[in-house]
Amino acid sequence: MIDTGLGKNIVEAHCTGCHTLEGQGKTAKIPNLAGQSADYLVEAMHEYREGSRRHAALQELIGSFSESDIRNIAGFFAGLPAVAPAPVSQSGELTYRRGAEVAAACTQCHGDRGISTTPGIPSLAGQQPVYLIVATQEYADGSRGHPEKEEMLRGLGDVDIEKMAMYFAAQTHELRDPPSFGDPAAGEPLTAICGSCHGDRGISQDPMIPNLAGQEPTYLVNAIKAYRDNARSHEDMVTDQTDEEIENIAAFYSVQAAGSAIEPGEQASAVIAKCERCHGPAAGQSGMVVPSLNGQKQEYLLRVMKQYRDGERGSSMMHKMSVGYSDELLEQIAAYYASQR
């Protein structure tokens, strides 16, 4: 039997230093509890008490509560009206503009909007954003051994690199004309093994594996030869092609349609749709105990999602779902849920 009156007394005596009696977090980093699922609140308090959620003050406090205390506290907060959502920052358009500004330095070599027309220089347009982020960070820290790029990227922060990658990933271009070398038709069957990693017709389904569709053909020839001749190293690369076969493979991939890897604003909505499977209107029907995200503090949501992504918060499922998400994408998701009633 839950006694919300006793729950209110406990909250008033022990919880209002961080949470108001109305169930609102006193700072942007403290979550709102009003209107939250009672089952979720009970489970969360159990995890703090047992130490599977790390928070020394909460572990000590909740460790002093009885099981009935915990259920009364949860019932009290669950019965409060949800806190009205506060104004949030919508950064999608600003992110895109900032990405274009950062990308301007790259377009001198990689072409307008990252569409290369210079033989031997790769296109960045429509590329997997996570792959671009990792590759750019490796150039910036010198691990890819390109001093000119290392110097050019010096001082560029991780968030700016993410914005640049999202900008390039959102670009697309028309079909390329066939190159002056190679036979695209002869190259198609030669890509059968390549497709196991790089996807059908060069559209990768793995955020860490680059798209090859629509890529600048001379760059592809040089790159594949470099892997074959051990100038580049990658254990999974097929390295037994002749020069003629490599030119045919490059010709095939270069004439494939290369759409944008993301559309501005669409990636966040796709991720939110996945979140809604558990956190949406049907929450709890699957038997899982999950929190409501609507109207929650934006800064709190962002911090928690980063912790899941980085493996600092204990949910292997959440970590696997979010491991490839950029800070900017998580900001957009947090902004969306913080704005909902």
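Lys 225, Arg 228, Asp 229 and Asp 243 are linked in a network of salt bridges, a salt bridge being a side-chain nitrogen of Lys or Arg within 4 Å of a carboxyl oxygen of Asp or Glu. The model is a predicted one, so local features need pLDDT of at least 70 and side-chain atom pairs count only at pLDDT 80 or more, while totals for chains, interfaces and linings use all residues. Residues are numbered from 1 along each chain as its sequence is written, and side-chain values use heavy atoms, with hydrogens and water left out.

Within that network, the side chains of Asp 243 and Arg 228 meet at 2.8 Å, N to O. Asp 243 sits in helix α13 (residues 243–254) and Arg 228 in helix α12 (residues 217–228), so this pair ties together parts that are 15 residues apart in sequence. Helices here are DSSP runs of H or I with at least four residues, strands are runs of E with at least two, and both are numbered from the N terminus. Both partners can be graded by relative accessible area, where buried means under 20%, exposed means over 50% and partly exposed is in between (1.4 Å probe, protein chains only). Asp 243 comes out as partly exposed at 37%, and Arg 228 is partly exposed too, at 21%.

The loop between α12 and α13 also holds Asn 230. This residue has a positive phi of about 70° although it is not a glycine, and at 65% relative accessibility it counts as exposed. Arg 113 is another non-glycine with a positive phi, in this case about 60°. Its place is the loop between α6 (107–110) and α7 (129–140), where Arg 113 is partly exposed at 31%.

Back to charges: the structure holds 10 salt bridges. One of them joins Arg 53 to Glu 47, with 2.7 Å from N to O. Arg 53 is buried, with a relative accessible area of 12%, whereas Glu 47 is partly exposed at 23%. The charged end of Arg 53 also sits over the ring of Tyr 48, 5.4 Å from its centre. For a charge to sit over a ring, NZ of Lys or CZ of Arg has to be within 6 Å of the ring centre and within 35 degrees of the ring normal. Lys 149 does this as well, with its charged end over the ring of Tyr 139 and 4.3 Å from the centre. A further salt bridge is made by Arg 144 and Glu 138, at 2.8 Å, N to O. Arg 144 is partly exposed at 33%, and Glu 138 is partly exposed at 27%.

As for ring against ring, there are four aromatic pairs. Rings of Phe, Tyr and Trp (its six-membered ring) pair if their centres lie within 6.5 Å, and planes under 30 degrees apart count as stacked, over 60 as edge-to-face and the rest as tilted.

Next, the empty space inside. There is one cavity of 30 Å³ or more, and its volume is about 80 Å³. A cavity is a set of points, on a 1 Å grid over the protein atoms alone, where a 1.4 Å probe fits but cannot get out; lining residues have an atom within 4 Å of a point. Grid points are joined across faces, edges and corners, and a volume is the space filled by probe spheres set on the points. The lining is made of 13 residues, of which Ala 125, Gly 126, Asn 211, Ala 213 and Ala 258 lie nearest the centre. It divides into five nonpolar residues, eight polar and no charged, with Ala, Val, Leu, Ile, Met, Phe, Trp, Tyr, Cys and Pro counted as nonpolar, Asp, Glu, Lys and Arg as charged, and the others, Gly among them, as polar.

Some distances help with orientation. Gly 280 lies in the loop between α14 (266–279) and α15 (298–309) and is buried, with a relative accessible area of 10%. Its C-alpha is separated by 52 Å from that of Asp 229, 51 residues apart along the chain. Pro 184, in helix α10 (residues 184–190), is partly exposed at 22%. Pro 184 and Leu 301 are 117 residues apart in sequence and 48 Å apart in space, C-alpha to C-alpha. Asp 160 belongs to helix α9 (residues 158–169) and is buried at 18%. Between Asp 160 and Ser 260 there are 20 Å, C-alpha to C-alpha, for residues 100 apart in sequence.

Terms used
On a 1 Å grid over the protein atoms alone, a cavity is a set of points where a 1.4 Å probe fits but cannot get out, and a pocket is an open set with protein on both sides within 12 Å along at least five of seven lines; lining residues have an atom within 4 Å of a point.
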